[in-house]
There are 2 protein chains.
Amino acid sequence: MQPSYAKARQAKRASYDEEVIHAILDKALVGHVGFIAGGRPMVIPMAYARIGNILYLHGASKTRIARLESVPVCLEVTELTGIVAARSGFHHSVNYRSAIIHGTARHVADDEMDKALDAVLDHLLPGRSLEVRPMSKQERKATGVIALDIEYASAKIRTGPPVDDEEDHQLPIWAGVVPVTTSLGTGIRDGYTPDELTESGSIAAARRKFA
Amino acid sequence: MQPSYAKARQAKRASYDEEVIHAILDKALVGHVGFIAGGRPMVIPMAYARIGNILYLHGASKTRIARLESVPVCLEVTELTGIVAARSGFHHSVNYRSAIIHGTARHVADDEMDKALDAVLDHLLPGRSLEVRPMSKQERKATGVIALDIEYASAKIRTGPPVDDEEDHQLPIWAGVVPVTTSLGTGIRDGYTPDELTESGSIAAARRKFA
């Protein structure tokens with residue numbers, strides 16, 4: 001027997017709840033950052049981290065994004081969890097958890113920069129900042145960090161089966177959800193890591209976090 | 001023995017090759033669409049499809065995005081394939097395939113709209129447009145489709161192990177790549193799909209496409 005849903009209907013849910021939004025931000029692998037450059041919208045994928053109500057983004061200090069200051073920035077994250085196949089094209093959808101954040105770029109330096117860089121590292125590999133060698137002065141100079149104090153945030157979550165029109169239910173068309181899962185595998189060590197050196201704790205922590 | 005990389009170095013690769021960019025667009029599950037609204041950058045996740053050198057986006061006809069006309073729009077897609085753990089925070093990275101497209105929104109109607117809607121459906125579930133019931137007049141009215149003729153496009157691909165500083169190679173720190181994989185599972189039928197109705201062909205086609 002194929003796995004199946006009950007006949008309950010579920011719809012999209014919008015949320016402005018801080019806890020829901022923070023949970024989505026903390027579990028996403030990559031941020032999609034929007035800003036305006038020369039009158040055009042730009043979207044680029046970026047590593048990020050959240051500390052309290054602040055998002056930190058980092059890039060090479062020469063990049064456009066690392067030099068944004070006092071301009072509006074948007075960060076969007078989306079975790080796709082299913083493809084929703086309905087009996088009509090119209091009712092097709094996807095299951096997902098997404099968050100959209102608006103803030104104003106603020107250049108970050110000194111202690112806040114150190115904390116932000118550790119947080120960005122630890123976002124993908126929890127505890128990695130305690131495993132690596134300290135940052136050099138030149139590396140610090142080559143790195144730019146911006147903060148977004150979260151000014152407006154919203155989340156959207158869709159779960160469950162398709163919501164078809166009542167009269168379509170008897171059509172002989174398979175309808176349901178194709179689950180989409182993202183998972184982290186066993187680490188592949190580089191050519192300079194001796195075989196006897198076991199995977200760092202942060203790697204297993206990442207597998208647990210994004211499971 | 002843990003799996004490992006050879007000692008070769010690999011760097012990020014930028015590409016303006018149409019074939020490379022189209023392949024990345026065709027295999028991504030969700031698009032991150034940027035536009036300007038009230039002087040602020042907006043980024044929202046969207047379903048999309050490509051036909052030749054045109055991207056199609058659709059949404060409810062009342063939404064802001066479906067009503068964009070003759071304004072610049074950016075679409076970004078990113079497939080994360082690995083977390084790159086280096087011996088220094090600075091050299092941490094991710095492996096990914098991403099594409100960034102710029103175009104100008106153009107409202108789509110009539111035959112082009114029909115083709116675009118089928119293409120958006122078939123992007124996630126190849127062949128699904130031939131399995132579902134035809135679209136009604138009201139549904140068509142409630143749907144907005146915009147096209148972006150691709151005016152500027154670029155791709156970035158990073159693969160392979162971390163690129164550490166030579167002098168860090170002897171540090172007793174595990175370095176390598178944590179593979180990230182996204183996969184589609186067996187379809188979960190909804191409560192109105194009888195057990196004897198086997199999964200549609202488009203569902204298996206999606207599993208093959210996004211494997």
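Tutor: A salt bridge pairs a side-chain nitrogen of Lys or Arg with a carboxyl oxygen of Asp or Glu within 4 Å. This is a predicted model, in which local features need pLDDT of at least 70 and side-chain atom pairs pLDDT 80 or more, while totals for chains, interfaces and linings use all residues. Residues are numbered from 1 along each chain, chains are lettered from A and ligands numbered from 1 as written, and side-chain values use heavy atoms, without hydrogens and water.

Student: How many salt bridges are found across the interface of chain B and chain A?

Tutor: One of the pairs that meet in this way is B:Asp165 with A:Arg133, at 3.2 Å from N to O. For the interface of chain B and chain A, the number of salt bridges is eight.

Student: Which relation connects chain B with chain A?

Tutor: A turn of 180° with a shift of 0.0 Å along the axis lays chain B on chain A, at an RMSD of 0.0 Å (least squares on C-alpha atoms with pLDDT of at least 70 in both). This is therefore the relation of a two-fold axis.

Student: Which residue of chain B comes closest to the rotation axis?

Tutor: The distance is taken at the C-alpha atom and amounts to 2.1 Å. The residue of chain B in question is B:Thr182.

Student: What share of the area buried between chain B and chain A comes from carbon and sulfur atoms?

Tutor: The buried area (accessible area lost by both parts together, 1.4 Å probe) is about 7700 Å². In chain B, B:Trp174, B:Ile188 and B:Tyr192 lose the most area to chain A. Of the area buried between the chains, carbon and sulfur atoms give 63%.

How values were computed
Buried area = accessible area lost by both parts, 1.4 Å probe.
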